[in-house]
Amino acid sequence: MLIFTLMVIALAKPFVYDGAENQHRKGRDLVLAIDASGSMAQSGFNKEDRFKSKFETTLTLSKAFIAHRFDDNMGAVLFGTFAYTTSPLTYDLEGLASLLDMTTVGLAGESTAIGDAIMQSIRTLSYGQAKHKVIILLTDGYHNAGVHSPKEAVAKAKKADIRIYTIGIGKKSDYDAALLQTIANETHGKSYGAISSEDLDKIYKEIDRLEPSSIRSENYLNQKLLIIIPLGAAFLLLLLWTLWLQRKEG
């Protein structure tokens, strides 16, 4: 009965979470820098729901992107007249999405401080230990506020070996496409333009391919299987039982 019980336990695949291994994930440190200035309250960006603002649509698609990152250490920065960290780097991606739900247009002011957004993102990334660090900057305006210039912020990003992907939201005339292209080029990233929510969805999917989550298909690696313990004990008892029977017959 004891051998049978141990075999059943082994078949149940018992495991424990390996906390030490869980602290050494291989994903990227990635920060979303999202424009929350007044212009992001404009509607019409989402063709399926024209009453939905650019900010609301951006958040919806950003959360869908976050959900696919698995083992990345992600954070979020919101910016307008100033920039602030909405969420520090975290592996709790559901928690990050919940924090984004608590944000709204105009929370950081009505203007657009692109330089401050990048600087705050760099500051947020400084707490991470990953080899690859990435910023995804989304904006629908021109740099017209803040303490730091985009040039200063890009120089610091280059020094820290941080790649920046820039996404212009809305018509090309609405935002500084040349500046966003320069930021991306200088940091070995890529610049995009999204006229609609469909475009933004495609852009996020392309960035997802360009910056894959390193252990996307192995998110179970923090589990330590314990099958060998009951299985080994069962075989040991079986061996001892067999030897005992042989000796008894002899």
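Are R28 and E211 buried or exposed? In this predicted model, R28 is buried, and E211 is buried as well. The two side chains meet each other in a salt bridge, with a distance of 2.4 Å from N to O. This pair links distant parts of the chain, for R28 sits in the loop between α2 (19-22) and β2 (29-35), while E211 sits in the loop between α8 (197-210) and β8 (223-225), 183 residues apart.

**Salt bridges**

Side chains of opposite charge can pair when their charged atoms come close. In this model the count of salt bridges comes to ten, and three of them are set out in the table, among them the pair already described.

| Pair | Closest N to O distance |
|---|---|
| R28 and E211 | 2.4 Å |
| K54 and D140 | 2.7 Å |
| K205 and D201 | 3.4 Å |

The salt bridge between K54 and D140, whose closest N and O atoms are 2.7 Å apart, joins a helix to a loop: K54 lies in helix α3 (residues 54-67) and D140 in the loop between β5 (133-139) and α6 (150-159), so the pair ties together parts that are 86 residues apart in sequence. K54 has a relative accessible area of 5% and is therefore classed as buried, the limit for that class being under 20%. D140, with a relative accessible area of 3%, is likewise buried.

The pair K205 and D201, with closest N and O atoms 3.4 Å apart, belongs to a single helix, for the two residues are four apart in helix α8 and are thus separated by about one helical turn. Here K205 is partly exposed, at a relative accessible area of 48%, and D201 also counts as partly exposed, at 28% relative accessibility. Salt bridges that share partners, moreover, join R28, R163 and E211 into one network.

**The nonpolar core**

The largest nonpolar core holds 29 residues, and of these L32, I136, I167 and L200 touch the most other members. At least two residues of this core are supplied by each of β2, α3, β3 (73-79), α4 (93-101), β5, β6 (162-169), β7 (191-194) and α8. The largest share, five residues, comes from α3, the helix in which K54 of the salt bridge with D140 also lies.

**Surface patches**

On the surface, F235, L238, W241, W244 and L245 make a nonpolar patch of about 530 Å². One of these residues, F235, has its place in helix α9 (residues 228-249). L239 is found in helix α9 too, and at 46% relative accessibility L239 counts as partly exposed. The C-alpha atoms of L239 and T5 are separated by 16 Å, although the two residues are 234 residues apart along the chain.

A patch of negative charge also occurs on the surface, where E48, D49, E56 and E198 gather. Within this group, E198 has its place in helix α8 and counts as partly exposed, at 30% relative accessibility.

**Loop residues and backbone angles**

Which residues other than glycine have a positive phi? Most residues other than glycine have a negative phi, and most peptide bonds are trans. D161, which is not a glycine, nevertheless has a positive phi of about 60 degrees, and H188, also a residue other than glycine, has a positive phi near 60 degrees. D161 is found in the loop between α6 and β6, where D161 is exposed with a relative accessible area of 59%. H188 is found in the loop between α7 (177-186) and β7, and with a relative accessible area of 63% H188 is exposed.

Another loop residue, K171, is found between β6 and α7 and is exposed, its relative accessible area being 58%. The C-alpha atoms of K171 and Q120 are separated by 26 Å, while along the chain these residues are 51 residues apart.

How values were computed. Residues numbered from 1 in each chain as written. Predicted model: local features only at pLDDT ≥ 70, side-chain atom pairs only at ≥ 80, totals over all residues. Heavy atoms only, no water. Patch = residues over 30% accessible without salt bridge, like charges linked within 9 Å, V, L, I, M, F, W, Y side chains within 5 Å. Areas by Shrake-Rupley, 256 points an atom, 1.4 Å probe, with all protein chains shown as cover. Salt bridge = Lys/Arg side-chain N within 4 Å of Asp/Glu carboxyl O. Buried < 20%, exposed > 50% of the residue type's maximum accessible area, 1.4 Å probe, protein only. Lys, Arg positive; Asp, Glu negative; His and termini not counted. Charge placed at Lys NZ, Arg CZ, Asp CG, Glu CD. Core = buried A, V, L, I, M, F, W, Y, C linked by side-chain atoms within 4.5 Å.
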